[in-house]
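Student: I'd like a close look at one part of this structure. Could you pick a spot and walk me through what the side chains are doing there?

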Amino acid sequence: MDFITMILHLYEWFINNSAEILIGTSALILTTVTVYQTRKHNRLSITPHLNTFLDHGDKEVTLILLNNGIGPARIDDITVFIRENDFKGDLKQIAFNQIQDVLLECLTIEYAIHLGSNYSLLPGSKHELIKVSISDSEYTRAQIERNLKQIHLLIGYSSFYGDTFTLDTRKTFWNSQDE
């Protein structure tokens with residue numbers, strides 16, 4: 001069999017089987033596109049979104065962290081900025097060691113949550129980070145909030161797919177539940 005005869009047989013085979021080749025190639029392309037779109041949708045369907053706000057009770061002001069995304073958030077790192085200083089580590093240790101100094105002398109931190117690396121927040125979960133008692137305070141709520149707003153958080157967090165996000169309260173002002 002010479003070269004030309006071999007080419008003619010190949011051409012004849014291709015013409016006879018072109019429908020199967022076209023269908024198979026189309027199915028492969030469609031499957032690849034579908035898998036890509038499904039992965040993209042799955043990533044979006046578990047995207048976390050953290051936000052903070054101040055909650056005003058009768059005798060306390062509470063700093064709240066809310067995951068209002070539709071997926072869990074894994075905390076990667078936390079930095080607390082107080083005036084010009086920054087502190088890394090567990091939020092509870094920072095609260096009782098450094099944040100208390102920023103608060104007015106008659107205010108006391110009732111409690112602070114342990115929040116550090118690898119802490120997970122479920123979607124829709126709301127966590128009271130720091131609660132400040134103001135029951136015996138001679139200061140107005142505006143003065144207390146002004147002092148609390150000198151404290152900023154930089155929280156690096158990620159989805160369980162590894163997509164990283166940042167909550168930086170220096171760029172967005174503290175939200176208030178009353179606003």
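Tutor: Sure, let's start with L10, which is exposed at a relative accessible area of 52%. That counts as exposed because the cut-off is over 50%. Keep in mind that this is a predicted model, so every value here is computed from its atoms.

L10 sits in helix α1, and it doesn't face the outside alone: L10, Y11, W13, F14, I15 and I21 make up a nonpolar patch on the surface. Taken together, those residues offer about 640 Å² of accessible area. To put the patch in context, the protein chain exposes about 11,100 Å², and carbon and sulfur atoms supply 57% of that.

Now follow helix α1, which covers residues 3-44, along to T38. The side chain of T38 reaches back to the backbone oxygen of T34, at 2.8 Å. As for cover, T38 is partly exposed, with 40% relative accessibility.

How does that helix fit into the chain as a whole? The protein chain has 3 helices and 10 strands, and from the N terminus on they run α-β-β-β-β-α-β-β-β-α-β-β-β. Of its 179 residues, 36% are buried. Looking at contacts with a separation of 6 or more, 62% of them join residues 24 or more positions apart.

For a contrast with L10, jump to T169, in the loop between β9 (164-168) and β10 (175-176). T169 is buried, with just 1% relative accessible area. Its side chain reaches the backbone nitrogen of L153, at 2.7 Å. So we have two threonine side chains reaching backbone atoms: T38 goes to an oxygen, while T169 goes to a nitrogen.

The residues on either side of T169 are worth a look too. D168 forms a salt bridge with R170, and their closest N and O atoms are 2.8 Å apart. Side chains of opposite charge can pair when their charged atoms come close. Here the two partners differ in cover: D168 is buried at 9% relative accessibility, whereas R170 is partly exposed at 43%. D168 lands in the buried class because the limit is under 20%. The structure holds 1 salt bridge, so if you're hunting for charge pairs, D168 with R170 is the one to pull up on screen.

Conventions
Residues are numbered from 1 along each chain as its sequence is written. This is a predicted model: local features need pLDDT of at least 70, side-chain atom pairs count only at pLDDT 80 or more; totals for chains, interfaces and linings use all residues. Side-chain values use heavy atoms; hydrogens and water are left out. A salt bridge is a side-chain nitrogen of Lys or Arg within 4 Å of a carboxyl oxygen of Asp or Glu. Buried means under 20% relative accessible area, exposed over 50%, partly exposed in between (1.4 Å probe, protein chains only). Helices (H or I, at least four residues) and strands (E, at least two) are DSSP runs, numbered from the N terminus. A polar contact is a pair of N or O atoms within 3.5 Å; within protein, one must be able to donate a hydrogen and the other to accept it, and residues adjacent in sequence count only if both atoms are side-chain atoms. Patches are made of residues with over 30% relative accessible area and no salt bridge: like charges are joined within 9 Å, nonpolar side chains (Val, Leu, Ile, Met, Phe, Trp, Tyr) within 5 Å. Accessible areas come from the Shrake-Rupley method with a 1.4 Å probe; for residues, only the protein chains shown count as cover. Contact means heavy atoms within 4.5 Å.
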